[in-house]
Structures are given as structure tokens and as C-alpha cells.
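Open the model in your viewer and keep the selection box ready. Each stop below gives a selection and then what is there.

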Amino acid sequence: MNRPLGVTVIALLSILSGLAHLLKGLVVLGLGGGAAVLVGAGHPVAGGVIGAVAMVWGIIALIVAFFALLFGWGAWTLKPWAWSWGVFTEVMTLGWSLLAVLGFGTLRTQGLSILIAVAILLYLYSPEVKRAFGRGPGAS
């Protein structure tokens with residue numbers, strides 16, 4: 001089956017997002033480590049805190065990069081597991097955005113993320129897309 005145009009767009013955007021998160025994770029780890037060393041020379045506890053925070057955020061960015069790159073590749077090649085991976089990723093994105101609204105964020109700051117996640121979920125559940133990934137009636 002041919003890949004629907006929307007799946008092509010989502011796959012490319014997911015790959016670009018994954019590359020951006022990969023770069024961000026590496027930058028955060030590098031700059032955070034450097035800042036930890038510089039600050040730690042005068043204030044060891046503060047340097048340790050900066051290093052720990054940078055490590056956590058850098059690793060989270062690398063995990064997000066992995067998820068996005070894997071989904072992008074799977075969607076591009078219409079791997080059957082990619083549909084589930086995409087749904088999982090978007091549900092997690094939606095959940096994180098909603099938690100952010102309840103916690104440290106606002107609907108204004110998280111609104112676009114919520115709308116995009118809902119739109120992608122609705123698209124992934126459309127019959128044409130499910131069939132393309134080998135799911136639902138008429139799947140080959």
C-alpha cells in the first residue's frame with residue numbers, strides 16, 4: 001500500500017523533531033556539564049545540582065529524540081508497530097501537556113502541543129491510515 005501524504009508529513013516532522021531533540025540533549029549535557037564544573041569550583045553543592053539537572057534534562061531530551069526518530073522511521077516505512085508507537089507517543093505528549101497545564105504551565109503555553117497531539121491521534125485512527133499500517137478492515 002502507498003503511504004498516505006499525511007503519514008509522510010508526520011514521519012518527516014517526527015524525524016526533524018527527533019534530530020532537534022538529539023541536538024538539544026547533547027547541548028544540554030555538554031553545556032550543563034561545563035557549567036557544573038565552572039560553578040562547582042567555587043560552590044561544589046551548586047555545581048552538583050546544576051550537573052544533575054542538566055543530566056536529567058539532557059537524558060529526557062535524548063529519550064524523546066529516540067521516540068521521535070523511531071516513530072518517524074517506522075511511519076516512513078509503514079511498519080505495523082509504528083502505528084502503536086505513534087499513538088503511544090502522542091498520548092504521552094498529550095498527558096504531559098495536560099499535566100503541565102495543571103502544574104507549572106498554562107493552557108496558552110501548552111495549547112498548541114495539545115491541539116497537535118489530538119490532531120495526530122485523530123489522524124492515526126482514521127480508517128485509511130490504520131489500513132496503511134496494516135490495521136483494521138481491508139488491511140493487507
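**Stop 1: the nonpolar patch.** Select L5, V9, L13, L16, L19, L22, L26, L29, M55, I59 and I63, and show their surface. In this predicted model, these residues make a nonpolar surface patch of about 1,000 Å². Now colour by helix: which helix gives the most to the patch? Helix α1 does, with eight residues. Both α1 (5–42) and α2 (44–76) supply at least two residues each.

**Stop 2: V9.** Stay on the patch and pick V9, one of its members. V9 is found in helix α1. Its relative accessibility is 41%, so V9 counts as partly exposed. The partly exposed range lies between under 20%, which is buried, and over 50%, which is exposed. A patch residue needs over 30% relative accessible area, and V9 has 41%.

**Stop 3: G18.** Remain in helix α1 and select G18. Is G18 buried or exposed? At 0% relative accessibility, G18 counts as buried. Add A54 to the selection and draw a C-alpha to C-alpha distance. G18 and A54 are 36 residues apart in sequence and 19 Å apart in space.

**Stop 4: α1 against α2.** Show both helices as cartoons and fit their axes. The two axes come within 7 Å. They cross at roughly 165°. Angles over 145 degrees count as roughly antiparallel, and α1 and α2 are therefore roughly antiparallel to each other. For handedness, view one helix in front of the other: α1 passes α2 in a left-handed crossing.

**Stop 5: L78.** Move to the loop between α2 and α3, where L78 sits. Check its backbone torsions. Phi of L78 is near 55°. That is a positive value in a residue other than glycine. Then look at its cover: L78 has a relative accessible area of 15%, so this loop residue is buried.

**Stop 6: E90.** Go on to helix α3 and select E90. Where does its accessibility place it, buried or exposed? E90 counts as buried, at 11% relative accessibility. Now add A46 and draw the C-alpha line between them. The two residues are 44 apart in sequence. In space, their C-alpha atoms are 36 Å apart.

**Stop 7: α3 against α4.** Select residues 80–102 for α3 and residues 107–124 for α4. Their axes come within 9 Å and cross at roughly 155°. That makes α3 roughly antiparallel to α4. What is the handedness of the crossing? α3 passes α4 in a left-handed crossing.

**Stop 8: L122.** Stay with helix α4 and pick L122. Its relative accessible area is 61%, so L122 is exposed. Add V87 and draw another C-alpha distance. L122 and V87 lie 35 residues apart along the chain. Their C-alpha atoms are separated by 9.6 Å.

**Stop 9: P137.** Finish in the segment after α5 (127–132), where P137 is found. With a relative accessible area of 72%, P137 is exposed. Add P127 for one last distance. The two prolines are 10 residues apart in sequence. C-alpha to C-alpha, P137 and P127 are 8.1 Å apart in space.

Notes. Residues are numbered from 1 along each chain as its sequence is written. This is a predicted model: local features need pLDDT of at least 70, side-chain atom pairs count only at pLDDT 80 or more; totals for chains, interfaces and linings use all residues. Side-chain values use heavy atoms; hydrogens and water are left out. Patches are made of residues with over 30% relative accessible area and no salt bridge: like charges are joined within 9 Å, nonpolar side chains (Val, Leu, Ile, Met, Phe, Trp, Tyr) within 5 Å. Accessible areas come from the Shrake-Rupley method with a 1.4 Å probe; for residues, only the protein chains shown count as cover. A salt bridge is a side-chain nitrogen of Lys or Arg within 4 Å of a carboxyl oxygen of Asp or Glu. Helices (H or I, at least four residues) and strands (E, at least two) are DSSP runs, numbered from the N terminus. Buried means under 20% relative accessible area, exposed over 50%, partly exposed in between (1.4 Å probe, protein chains only). Axes are lines fitted to C-alpha atoms, for helices over the stretch in contact, and angles run from 0 to 180 degrees between N-to-C directions. Angles under 35 degrees count as roughly parallel, over 145 as roughly antiparallel, 65 to 115 as roughly perpendicular and the rest as oblique. A crossing is left-handed if the near helix is turned anticlockwise from the far one by less than a right angle, and right-handed if clockwise.
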